[in-house]
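Trainee: I would like to understand the words people use for a structure like this one. Could we go through them together?
Mentor: Gladly; ask me about any term as we go.
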Protein chains: 2
Amino acid sequence: MLKVPAHQVAGHQAGDGKLGPLVDDSGLFYKPLQSGERGSAEVTFYKSFSSNTRIPENIRRFFPVFHGTRVLEASDGSGLCPHLVLQDIVSGHLNPSVMDIKMGANTWPPQSPEDYIAKCLKKDRETASIQLGFRISGFQIYGSKESEFWKPDKQFFKSLSAQDVRLVLNKYVSSNASPDLGLNPNCAFASVVYGGSTGILAQLQQLKAWFEDQTIYHFYSCSVLMVYGQGGSGAEVKLVDFAHVVDGEGVIDHNFLGGLCSLIKFISDILTTPPDEYSTKACLQDSQNNQSFCDNGIHE
Amino acid sequence: MLKVPAHQVAGHQAGDGKLGPLVDDSGLFYKPLQSGERGSAEVTFYKSFSSNTRIPENIRRFFPVFHGTRVLEASDGSGLCPHLVLQDIVSGHLNPSVMDIKMGANTWPPQSPEDYIAKCLKKDRETASIQLGFRISGFQIYGSKESEFWKPDKQFFKSLSAQDVRLVLNKYVSSNASPDLGLNPNCAFASVVYGGSTGILAQLQQLKAWFEDQTIYHFYSCSVLMVYGQGGSGAEVKLVDFAHVVDGEGVIDHNFLGGLCSLIKFISDILTTPPDEYSTKACLQDSQNNQSFCDNGIHE
């Protein structure tokens, strides 16, 4: 029995007669092929990646398992449509807190058509991508049995500043996360979700080591998906969305890697900030360590 | 006695009645302030940096020593003009081989005027910047007493591909460097210039560790200058050109860092490629390790 995913936080979403991914009860995720080159590009990537013997096993686990393609009834009622059959990443987590982070300052592959570059560049500049090297595209955070999930609408993500991103990354690991910006995140799950030898920071650092060396793929407009279950359990990182992956041509993916290093720095800062500084104030202002160029009194 | 620098490889150059930097015999480099905001921005940077107590000493050595500003007769005969007084980086090297590498896929600070962004973006796309995360802006390589220096003109640098950059980085550490693309670089100085505990690779890795953490400055359009003396002696890295440095605002400089990681990968590859593969063929083609996405037979 196929159904609309309950925990999707970004991208095209099924429901209300729209085209989007579906899931089943066996842990599979069916993603309709995007029209034109994008759909075939993502299939090409999954086929290349899943058969590529040069991908280390400790890196392969960061990618959804690929189960081929299947023709299914599309969610928008338009009839039969080819779908990618992938591992459903969130299905193993109870009340999953999920964040989708689109990586890279530039989301456009260099050989794209001019109008596509202009469109992406506009969005990369309007959002935090150019400044941070990544942008948060969506999230849901589980609060409690009563409050359930906090899942902002698309509008929320259009104008997040660096300080907002810092605050949201704090709230993501808090048991008191809410849209109330005056409520200080308690970061109750920071050490278990972000920290430790198997936490998200350690996983991102493994990915970073691979990106410093791999010259096979350039992952434009790809996302890091962070997921953990109720109470902070089973935190994991996956990469998703490969419609704009291009040949690395012997060069590392410096665009993805730069953004990854930036994300790692944000998360490291959360882990090293003393708990009593987890206030909105600390989140919304740069700490002493991050004192700025202008604070030197040069720009008067 | 002020004179035109003998070993400048990029940027505005004095001589023929043009405005450019001058040097003296005491090891000082006089750089005329660029007009408008750029000139004052570079002074602001040097003042901020030289007085900033949060810069580690092992990082400070990668920047030219700043000796304030001085009003001097400009090289173009236009009269008195304020100059930055800096350490002359190449003066300590006999017959210096010099390379200027402009860092970052994007050379424009995010808050720049639209026309400036458009101009930079066009150049970043036409050159290797977007693809590699850096571009070679100029170099001179010392050959022998007879051949002296190989110093291509500006046109040479306008259309270097990734493969050309790999070849040039091989030639930079070769005793037989020449414009003849058919002549294989012997990489005679690779291990002494790039390698070892004090070589260029080790220096770039120290810089990388700092860039992974520092959130004070974003170094747009800044260059890594590599210099060594005749026979491969005294290899060193310096950062130069700070007219487009902006406040990091608590975020790492992912744009510079991504390019730096890419440059590190190119240089590491040269050090780990067996000497008998230092042929033009090896330089112009990706090795087995760099086998591409397309080689998997997916794109047919």
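Trainee: How do you know how far apart the centres of domain 1 and domain 2 of chain A are?
Mentor: Taken over C-alpha atoms, the two centres are separated by 21 Å. Domain 1 of chain A covers 1-89 and domain 2 covers 93-286, with bounds that come from an automatic or database domain assignment. This is a predicted model, where local features need pLDDT of at least 70 and side-chain atom pairs count only at pLDDT 80 or more, while totals for chains, interfaces and linings use all residues. Residues are numbered from 1 along each chain as its sequence is written, chains are lettered from A and ligands numbered from 1 in the order in which they are written, and side-chain values use heavy atoms, with hydrogens and water left out.

Trainee: What makes residues of domain 1 of chain A count as in contact with domain 2 of chain A?
Mentor: Contact means heavy atoms within 4.5 Å. By that rule, 26 residues of domain 1 of chain A are in contact with 30 residues of domain 2 of chain A.

Trainee: What is meant by the area buried between these two domains of chain A?
Mentor: Buried area is the accessible area (1.4 Å probe) that two parts lose on being put together, summed over both. Here the value is about 2400 Å², and carbon and sulfur atoms give 63% of that. On the side of domain 1 of chain A, Val9(A), Phe62(A) and Ile89(A) lose the most area to domain 2, together 30% of what that side buries.

Trainee: Why is the pair Asp241(A) and Lys31(A) called a salt bridge?
Mentor: The term asks for a side-chain nitrogen of Lys or Arg within 4 Å of a carboxyl oxygen of Asp or Glu. The closest N and O atoms of Asp241(A) and Lys31(A) are 2.9 Å apart, so the pair qualifies. The rule finds one salt bridge across the interface of the two domains.

Trainee: How many residue pairs are in polar contact between the two domains of chain A?
Mentor: There are 11 such pairs, both residues being at pLDDT 80 or more. A polar contact is a pair of N or O atoms within 3.5 Å; within protein, one must be able to donate a hydrogen and the other to accept it, and residues adjacent in sequence count only if both atoms are side-chain atoms.

Trainee: How do you know whether the size of chain A agrees with a compact globule?
Mentor: The radius of gyration is taken over C-alpha atoms, and the globule rule is 2.2 Å times the number of residues to the power 0.38. With 300 residues the rule gives a value near 19 Å; chain A has 19 Å, so the two agree. Along its principal axes, the C-alpha trace of chain A spans about 60 × 50 × 35 Å.

Trainee: What joins chain B and chain A in terms of contacts and buried area?
Mentor: 55 residues of chain B are in contact with 55 residues of chain A. The area buried between them is about 4200 Å², with 56% given by carbon and sulfur atoms.

Trainee: Which salt bridge does Lys208(A) form?
Mentor: Lys208(A) pairs with Glu212(B), the closest N and O atoms being 2.9 Å apart. That distance meets the salt-bridge rule too. Across the interface of chain B and chain A the rule finds six salt bridges, and there are 17 residue pairs in polar contact.
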